[in-house]
Amino acid sequence: MRGASEHRWPSHEWVCLRLSDTMQALALVFLCLCLAGSSWAQKPRPCASPPLQVGSFSSMDGKGNLATYGKYRYDALGQKVRFSQMRTYENRTTTVDLLVLFNERVLYQIDWLRFSCKKKALSSEFQPMEVPRDATLMGQVVVGTASAFGQGLLVNTWVGHDAEKNGTYMAVFTGIGCLPVSAMYHKEETGWTMLSFFNILLGIDDPQVFFPPAFCKYAPLEGTTNVFDAILDKDLMQE
């Protein structure tokens with residue numbers, strides 16, 4: 001049995017080697033932080049939102065007459081969108097359920113009270129939830145405060161012109177994740193339309209929402225519409 005005096009302490013070379021490994025690890029971490037910081041400091045670029053998401057939204061037309069509030073489900077991979085919303089127009093409130101299938105070029109207006117369905121041909125192309133490549137960055141700001149952790153949201157504001165629809169837009173997306181926050185769209189005939197997005201979850205909670213109910217199976221085509229007009233269609237309030 002060895003005595004206490006025979007205990008061997010780590011050699012000088014072993015200690016230096018361990019210190020060298022630690023310093024290399026710290027240097028690697030520091031380099032990664034520097035690279036991350038430089039990437040965060042880069043000028044924001046147009047981006048695309050996650051392809052599968054569920055969230056809530058609200059909107060108001062240019063004259064403040066039509067207000068909507070509801071839930072949306074967005075599938076960019078299958079080019080499908082579902083809007084379930086409540087609308088208030090001229091002190092009257094009703095519910096509207098829209099299923100938009102861009103891959104089939106149809107839009108379903110679903111009435112769960114009457115178990116009826118209207119089917120319309122879709123004139124608009126699928127528009128991904130994204131910042132267009134030709135959009136101009138107005139600026140990057142923090143909504144809330146950056147002075148305390150978790151109390152601020154970094155967002156980018158973009159503006160541009162939609163030549164196809166002859167409209168002007170201003171869109172706000174998160175600086176990290178490219179999630180929609182708000183949007184304003186202007187057309188001469190409708191004025192400014194405002195939209196806000198919140199409570200967004202990534203993924204689809206129920207894929208069945210992208211299938212029309214059974215009572216829509218034999219619904220005939222009744223005219224043509226586009227998504228923008230369908231969401232803000234005041235005539236739905238009068239049915």
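Biologist: What makes the meeting of the side chains of Asp205 and Arg73 a salt bridge?

Modeller: The nitrogen-to-oxygen distance between Asp205 and Arg73 is 3.1 Å. The cut-off is 4 Å between a side-chain nitrogen of Lys or Arg and a carboxyl oxygen of Asp or Glu, so the pair qualifies. Please bear in mind that this is a predicted model.

Biologist: Why is this pair said to link distant parts of the chain?

Modeller: Asp205 belongs to the loop between β11 and β12, whereas Arg73 belongs to strand β2. The two residues are 132 residues apart.

Biologist: Is Arg73 called buried or exposed, and why?

Modeller: The relative accessible area of Arg73 is 13%. Buried means under 20%, and Arg73 is therefore buried.

Biologist: What places Asp205 in its class of accessibility?

Modeller: Asp205 has a relative accessible area of 48%. That value is neither under 20% nor over 50%, so Asp205 is partly exposed.

Biologist: How do you know that Asp205 and Lys71 meet in a salt bridge?

Modeller: The distance from N to O is 3.7 Å in this pair, and the limit is 4 Å. Asp205 and Lys71 are 134 residues apart, with Lys71 in strand β2. Lys71 has a relative accessible area of 31%, between the limits of 20% and 50%, and therefore counts as partly exposed.

Biologist: Which residues are linked in a network of salt bridges?

Modeller: The network consists of Lys71, Arg73 and Asp205. Asp205 meets Lys71 in one bridge and Arg73 in another.

Biologist: How many salt bridges does the count give?

Modeller: The count comes to 5. One of them joins the side chains of Glu125 and Arg105 at 3.2 Å, N to O. Glu125 is in the loop between β6 and β7, Arg105 is in the loop between β4 and β5, and they are 20 residues apart.

Biologist: What are the classes of Glu125 and Arg105?

Modeller: Glu125 reaches 56%, over the limit of 50%, and is therefore exposed. Arg105, at 34%, falls between 20% and 50% and so is partly exposed.

Biologist: Why is the pair of Tyr72 and Phe197 called edge-to-face?

Modeller: The ring centres are 5.9 Å apart, and rings pair if their centres lie within 6.5 Å. The angle between the planes is 85 degrees, and angles over 60 degrees count as edge-to-face, so the name applies. Tyr72 is in strand β2 and Phe197 in strand β11, so the pair ties together parts that are 125 residues apart in sequence. Tyr72, at 2% relative accessibility, is under the 20% limit and therefore buried.

Biologist: Which aromatic cluster is formed, and how many aromatic pairs does the search of the whole structure find?

Modeller: One cluster consists of Phe57, Tyr72, Phe83 and Phe197. The search finds 9 aromatic pairs.

Biologist: What allows one to say that Lys80 lies over the face of Phe211?

Modeller: Lys80 is at 5.5 Å from the ring centre of Phe211. The distance limit is 6 Å, and the charge must also be within 35 degrees of the ring normal; Lys80 is accordingly listed as lying over the face of that ring.

Biologist: What makes the approach of Arg114 to Asp111 a polar contact?

Modeller: The contact between the two side chains is 2.5 Å, and a pair of N or O atoms must lie within 3.5 Å. Arg114 is in the loop between β5 and β6. At 57% relative accessibility, Arg114 is over the 50% limit and therefore counts as exposed.

Biologist: What is noted about the phi of Phe115 and of Gln79?

Modeller: Phe115 has a positive phi near 50 degrees, although the residue is not glycine. It lies in the loop between β5 and β6 and is exposed at 54%. Gln79, also not a glycine, has a positive phi of about 55 degrees; Gln79 lies in the loop between β2 and β3.

Biologist: Which residues form the nonpolar patch on the surface?

Modeller: The members are Met60, Met138, Met170, Met184, Trp192 and Met194, with about 520 Å² of accessible area together. Members need over 30% relative accessible area; Met194, in strand β11, has 37% and so passes that limit.

Methods. Residues are numbered from 1 along each chain as its sequence is written. This is a predicted model: local features need pLDDT of at least 70, side-chain atom pairs count only at pLDDT 80 or more; totals for chains, interfaces and linings use all residues. Side-chain values use heavy atoms; hydrogens and water are left out. Rings of Phe, Tyr and Trp (its six-membered ring) pair if their centres lie within 6.5 Å; planes under 30 degrees apart count as stacked, over 60 as edge-to-face and the rest as tilted. Helices (H or I, at least four residues) and strands (E, at least two) are DSSP runs, numbered from the N terminus. Buried means under 20% relative accessible area, exposed over 50%, partly exposed in between (1.4 Å probe, protein chains only). A polar contact is a pair of N or O atoms within 3.5 Å; within protein, one must be able to donate a hydrogen and the other to accept it, and residues adjacent in sequence count only if both atoms are side-chain atoms. Patches are made of residues with over 30% relative accessible area and no salt bridge: like charges are joined within 9 Å, nonpolar side chains (Val, Leu, Ile, Met, Phe, Trp, Tyr) within 5 Å. Accessible areas come from the Shrake-Rupley method with a 1.4 Å probe; for residues, only the protein chains shown count as cover.
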